[in-house]
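Reader: Hey, can you walk me through this one? I'd like to poke at a few side chains and see how things pack.

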Amino acid sequence: MKRRWIQAGVFLLVLMLAACSGRAGVVAGQGDGEPRGEDKGFYTEGQSVTGGQPAEGANLKDISVWRQGDDTVVTLSFRSGSDEAGTEERTLPSAPVYTLRALDGATRFALSLEGVEYWDFALYEEELADTALLGLFHHSAFGPNNGAVYFNMSQPCDFRTEQSGNQLTCYFRPRQPRQENLWYITVNGYDLYPGNENLDLLQELTLYPTLCSDLTSVILLSKGFEDKNQAQQFLAQHEQTISRLLPGRVPALVELTGDALPENDEQTQLLNLMDTPVGALDGEICEAELMQANGRFLCWAPDGASYIYTRTSYEVSEGGMVGYEQLWRHGQTDEPVLEGHEFVSILSAEYSSDGRYLAVLEQNEQLYRNLEIIDMNTGLTYLPTELGFGNDTPAFV
């Protein structure tokens, strides 16, 4: 280990600065009042901490999660600019302005960030092992360069923050898990939430986003109520306001045990989709029939009795989550066109006039477009590139 020798006077000055700030170069977040957590320096439910410096064009470049003693530690690293977006990345002298709030029950936290334009971070499932963090998600539609990261914890936590250079570190210290049952109001309205003009009013109603039990879907969840009557009274009082702010979305009452997450009501989401206007005809907005859930339509078969669509699947790999697309045929039953055949990104597909062949245009990882011909009778595939048609096919007839 290299050692640095410094003069005694300078060394004494460093000790004095470190004593004033806790640790040299580390700035603790400022809370709204004195910390009321069970342990010294920790904040708790109903409180928030703030810090950071104003920034423009910031990039949430990385998020790391690990366990330190009983604490779950989350470190966010920021840069300026984004290589992925084609802008030069530079060092950011400080974390941007932030506010970390404990939402109802202190099992959910909202980290508001100002001046963040890029969100290039990746988080791998193995980082969450043996921690109190179930998952996190972000959205960036609060306004120009403003967004938030939401944390879902497995049990109530007290919290504190520290900033050092371009890194912001959040410490979550678990408390005793809750055992009682509480009633909540849920709304499948997250897609309308981030850009809602009346966001402050929704938050006054304590409707904040949360992960569902599948740790993927996101819905809006209210504060908890000790009994069903309280929740019903709250809903009756504010139901018209919720319907006005989230048109077409029907709030529901759910009972959750302890710190359990709500289930994803996929059927209600599909019904909401069918009630969502998708276009205009003669100046009048109109709705359309839902063709396929979790799929993207590609083309009809010549006889009009079936159609081809693509569906994306995900698998866990050493580098994180990997997605791929598969071709599916919808008719009397749904079945994959090519069992086990994975595509990177399907751009388009068309049948031949007799319905025997299906042409599929795919964009690969190198952004080249490959044309593949599938014999629907035999399942055999043909690649025109192997017949000398070139490595990039922009379109086909």
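Reader: Let's start with Pro302. Does Pro302 count as buried, partly exposed or exposed, and at what relative accessibility?
Author: This is a predicted model, so take everything as computed from it. Pro302 comes out at 49% relative accessibility, so it counts as partly exposed.

Reader: Where is Pro302 placed?
Author: Pro302 is in the loop between E20 and strand E21 (307–317).

Reader: And what does Pro302 touch, leaving out residues up to four places away in sequence?
Author: Pro302 touches Tyr351, Ser352, Ser353 and Gly355. With Gly355, the C-alpha atoms are 5.9 Å apart, although 53 residues separate the two along the chain.

Reader: OK, on to Trp300. Which strand is Trp300 in?
Author: Trp300 is in strand E20, which covers residues 296–300.

Reader: Which residues form a nonpolar patch on the surface with Trp300?
Author: Met291 and Phe297 join Trp300 there, and together the patch has about 300 Å² of accessible area. Trp300 itself has 45% relative accessibility, so it counts as partly exposed.

Reader: Let's do rings. How many aromatic pairs are there?
Author: The count is 12 aromatic pairs. One of them is Tyr43 with Phe159: the ring centres are 6.2 Å apart and the planes sit at 40 degrees, so that pair is tilted.

Reader: Which parts of the chain does the pair of Tyr43 and Phe159 link?
Author: Tyr43 is in the loop between strand E2 (30–31) and strand E3 (48–51), and Phe159 is in strand E12 (residues 157–164). That makes them distant parts of the chain, 116 residues apart.

Reader: Are Tyr43 and Phe159 buried or exposed?
Author: Both Tyr43 and Phe159 are buried.

Reader: What about the rings of Trp300 and Tyr307, how are they arranged?
Author: The Trp300 and Tyr307 rings have centres 5.2 Å apart and planes at 75 degrees, so they form an edge-to-face pair. Tyr307 has a relative accessible area of 5%, so it is buried, whereas Trp300 is partly exposed.

Reader: Which residues form one aromatic cluster with Tyr43?
Author: Phe109, Phe151, Phe159 and Phe172 are in the cluster with Tyr43.

Reader: Switching to charges. How many salt bridges does the structure hold?
Author: There are 15 salt bridges. In one of them, the side chains of Glu89 and Lys61 meet at 2.7 Å, N to O. Glu89 lies in the loop between strand E5 (71–80) and strand E6 (90–91) and Lys61 in strand E4 (residues 58–68), so the bridge ties together parts 28 residues apart in sequence.

Reader: Why does Glu89 count as buried?
Author: Glu89 has 13% relative accessibility, and the cut-off for buried is under 20%, so it qualifies. Its partner Lys61 has a relative accessible area of 27%, so it is partly exposed.

Reader: Which residue does Asp130 form a salt bridge with?
Author: Asp130 forms one with Arg67, and their closest N and O atoms are 2.9 Å apart. Asp130 is in the loop between strand E9 (116–118) and strand E10 (133–143) and Arg67 is in strand E4, so the pair ties together parts 63 residues apart in sequence. Asp130 counts as exposed at 57% relative accessibility, while Arg67 counts as partly exposed at 43%.

Reader: And how about Arg178 and Asp259, buried or exposed?
Author: Both Arg178 and Asp259 are buried. They form a salt bridge too, with the closest N and O atoms 3.1 Å apart.

Reader: Which residues do salt bridges with shared partners join into one network?
Author: Asp39, Asp71 and Arg173 are joined that way.

Reader: Cysteines next. How many disulfides does the count come to?
Author: Zero disulfides. Cys170 counts as buried, at 0% relative accessibility, and Cys212 counts as buried at 0% as well.

Reader: Last one, the overall picture. How many helices and strands are in the chain?
Author: The chain has four helices and 27 strands. Of its 397 residues, 41% count as buried. The accessible surface comes to about 22,300 Å², with 49% of that belonging to carbon and sulfur atoms.

Reader: And what share of the contacts between residues at least 6 apart in sequence join residues at least 24 apart?
Author: That share is 54%.

Key
Residues numbered from 1 in each chain as written. Predicted model: local features only at pLDDT ≥ 70, side-chain atom pairs only at ≥ 80, totals over all residues. Heavy atoms only, no water. Patch = residues over 30% accessible without salt bridge, like charges linked within 9 Å, V, L, I, M, F, W, Y side chains within 5 Å. Areas by Shrake-Rupley, 256 points an atom, 1.4 Å probe, with all protein chains shown as cover. Salt bridge = Lys/Arg side-chain N within 4 Å of Asp/Glu carboxyl O. Helix = DSSP H or I, 4+ residues; strand = E, 2+ residues; numbered from the N terminus. Buried < 20%, exposed > 50% of the residue type's maximum accessible area, 1.4 Å probe, protein only. Disulfide = S-S within 2.5 Å. Contact = heavy atoms within 4.5 Å. Phe/Tyr/Trp six-rings, centres within 6.5 Å; stacked < 30°, edge-to-face > 60°.
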